[in-house]
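Work through the exercises below with the sequence and the coordinates open. Try each task before reading its solution.

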Amino acid sequence: MARMARIALAAGWLSLAASGIGDASRAYATLPEHPSLTAKFQLPSERSIPIMGLGVFKSKPGPETEDAVKWALEHGYRMIDTAAIYGNEASVGKAIRESGIARKEIFLATKLWDSAHGYDQAHKAIRKSLQELRVDYLDLYLIHSPNTGKLIETWDALIDMKMSGLAHSIGVSNFGIPHLEAIKAHGRELPAVNQIEMHPLNWQERKALLEWCHENGVLVQAYGSLFFGQQERLAEEAVTSAASAKGRTPAQVLLRWGFQMGFQLIPKSIKKERILENSQIFDFELSDEEMEQLSFLKGELGAYWQPLDAPVDLGDVTFAEKKRGARSGEGARRSEM
Ligand SMILES: NC(=O)c1ccc[n+]([C@@H]2O[C@H](COP(=O)([O-])OP(=O)(O)OC[C@H]3O[C@@H](n4cnc5c(N)ncnc54)[C@H](OP(=O)(O)O)[C@@H]3O)[C@@H](O)[C@H]2O)c1
């Protein structure tokens, strides 16, 4: 593992990454020396995130989500990824409370849905999520996608949330280079993470985005690491041959590929045995050859949306500034009274 970490830190990373074949064995983030469910990737502002968490997209609210989160926490997971649109925030919050594990030990992430873009709407949305989850703060709050635009206006609201402590870290999901460049061009702090569909089938087409994130210190969170559970994809020759060579399951091979790539992982399962299986990827290593064979698979899952191509709409880039000005004006008037 030290070798992987050294590779990521090597000064020659960029030129190697641009060369095509060979870069499949290089990581897009500095990997921890001793990986485990509680090992972490570094985030900006001296925050950190567990290298793996549990995703709960399509986990039904109620016992299905509560049990999955409970089993994950029992198995040692310390990160949960939900979203307002999943409709299961309340169940995630309940399972966390009932786990008996201190809130500060668990990294909790949720997302702002497309219909809540805009400065005021975003502020309302985070309050709703905090209420559903019954927590005082989020560890990570993401803009779910660039669809519906108002990107800078919405991002400015997330910056305020970070400043007020409602969200310790803020990030985006499904953002392409033009959306990220817009944030950068407007002089705003960059997202801590970009959560995107990421697995061997789409690695080649996403290389430019991955390199952009790496160069700008944006951690990539991968979704769809398990090919969305599609059996025919899990049976790809490159996956099954690595699995039998290592005595592992196809799911473990795919997750290990994602880990060695330097992606933060959030595999979803509602099954106790799979939640455990998915976490057991830190005691074997894929060779450079196995990484390359996996990385050159091609195809689409067809199960996901493609918001990375959404137009770049900024919204009112002065809205937050005006609001902050109005708030400080009110404060000044009150203190004069
Ligand atoms: N930001 C976004 O736009 C976005 C989009 C999609 C997902 N996400 C996030 O990313 C997480 C993961 O993505 P995902 O849920 O779409 O896909 P995924 O993790 O690639 O796959 C989940 C599917 O794989 C099955 N599965 C789990 N473990 C397995 C194993 N060991 N062997 C075989 N099949 C297995 C699950 O079924 P069972 O549950 O029956 O085990 C489920 O059907 C989501 O839960 C969500 O938190 C974000």
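The exercises concern a predicted model.

**Exercise 1. The sheet**

Task: Give the strand order of the open sheet and state which strands stand at its edges.

Solution.
- Step 1. Trace the strands across the sheet. Eight strands form it, in the order β3-β4-β5-β6-β7-β8-β9-β10. The pairing is parallel.
- Step 2. Look for strands with a single partner. These are β3 (54-55) and β10 (264-265). Each stands at an edge, so one side of each has no neighbour in the sheet.
- Step 3. Check the β3 edge. Two bridges join β3 to β4 (residues 79-81), and the two strands run parallel. Gly-55 stands opposite Asp-81 in β4.

**Exercise 2. Strand β8**

Task: Determine how many residues of β8 are buried, and describe its pairing with β7.

Solution.
- Step 1. Count C-beta neighbours within 10 Å; a residue with 20 or more is buried. Five of the five residues of β8 pass, so the strand is largely enclosed by the rest of the structure.
- Step 2. Turn to the pairing. Strand β7 (residues 167-173) pairs with β8 in the parallel sense, over two bridges.
- Step 3. Name a bridge. Val-172 has Asn-194 in β8 as its bridge partner.

**Exercise 3. The two sides of α8**

Task: Sort out which residues of helix α8 are buried, and find what covers them.

Solution.
- Step 1. List the buried residues. In α8 (residues 207-215) they are Leu-210, Cys-213 and His-214.
- Step 2. View the helix down its axis. The buried residues fall within an arc of 100 degrees, so they line one face of α8.
- Step 3. Turn to the face away from the buried side. Exposed residues Ala-208 and Glu-215 are carried there.
- Step 4. Find the cover. What lies over the buried residues of α8 includes β8 (193-197) and β9 (219-223).
- Step 5. Follow the chain just past the helix. Gly-217 takes a positive phi of about 70 degrees.

**Exercise 4. Two aspartates in α6**

Task: Are Asp-156 and Asp-160 buried or exposed?

Solution.
- Step 1. Place them. Asp-156 belongs to helix α6 (residues 151-164). Asp-160 is found in α6 too.
- Step 2. Count neighbours. Asp-156 has 25 C-beta neighbours inside 10 Å, so it is buried. Asp-160 has 20 other C-beta atoms within 10 Å and is buried as well.
- Step 3. Find contacts of Asp-156, leaving out residues up to four places away in sequence. It touches Tyr-119, Phe-319 and Ala-320.
- Step 4. Set sequence separation beside C-alpha distance. Asp-156 and Tyr-77 are 79 residues apart in sequence and 31 Å apart in space. For Asp-160 and His-123 the values are 37 residues and 9.0 Å.

**Exercise 5. The ligand shell**

Task: Which residues come nearest to the ligand, and which helix gives the largest share of the shell?

Solution.
- Step 1. Start from the 27 residues around the ligand. Gly-55, Tyr-223, Gly-229, Ala-251 and Lys-268 come nearest.
- Step 2. Assign the shell to elements. Helix α12 (residues 272-279) gives the largest share, three residues.
- Step 3. Sort by class. The shell has eleven nonpolar, eleven polar and five charged residues.
- Step 4. Link back to Exercise 1. Gly-55, one of the nearest residues, stands opposite Asp-81 in β4.

**Exercise 6. The annotated span**

Task: Describe the span that UniProt labels "domain: NADP-dependent oxidoreductase".

Solution.
- Step 1. Take the limits from the record. The unreviewed UniProt entry places this feature at residues 60-294.
- Step 2. Compute the content. The span is 48% helix and 14% strand.
- Step 3. Compare its ends. The end C-alpha atoms lie 32 Å apart.

Key. Residues are numbered from 1 along each chain as its sequence is written. This is a predicted model: local features need pLDDT of at least 70, side-chain atom pairs count only at pLDDT 80 or more; totals for chains, interfaces and linings use all residues. Two strands pair if DSSP finds at least two bridges between them. Helices (H or I, at least four residues) and strands (E, at least two) are DSSP runs, numbered from the N terminus. A residue is buried if 20 or more other C-beta atoms lie within 10 Å of its own, exposed if 12 or fewer, and partly exposed in between; C-beta atoms are placed from the backbone. The arc is that of the directions from the helix axis to the C-beta atoms. Two residues are in contact if their C-beta atoms, placed from the backbone, lie within 7 Å. A residue is near a molecule or strand if its C-beta atom, placed from the backbone, lies within 6 Å of it. Ala, Val, Leu, Ile, Met, Phe, Trp, Tyr, Cys and Pro count as nonpolar, Asp, Glu, Lys and Arg as charged, and the others, Gly among them, as polar. UniProt positions are given in the numbering used here, feature names are shortened, and annotations may be inferred rather than shown by experiment.
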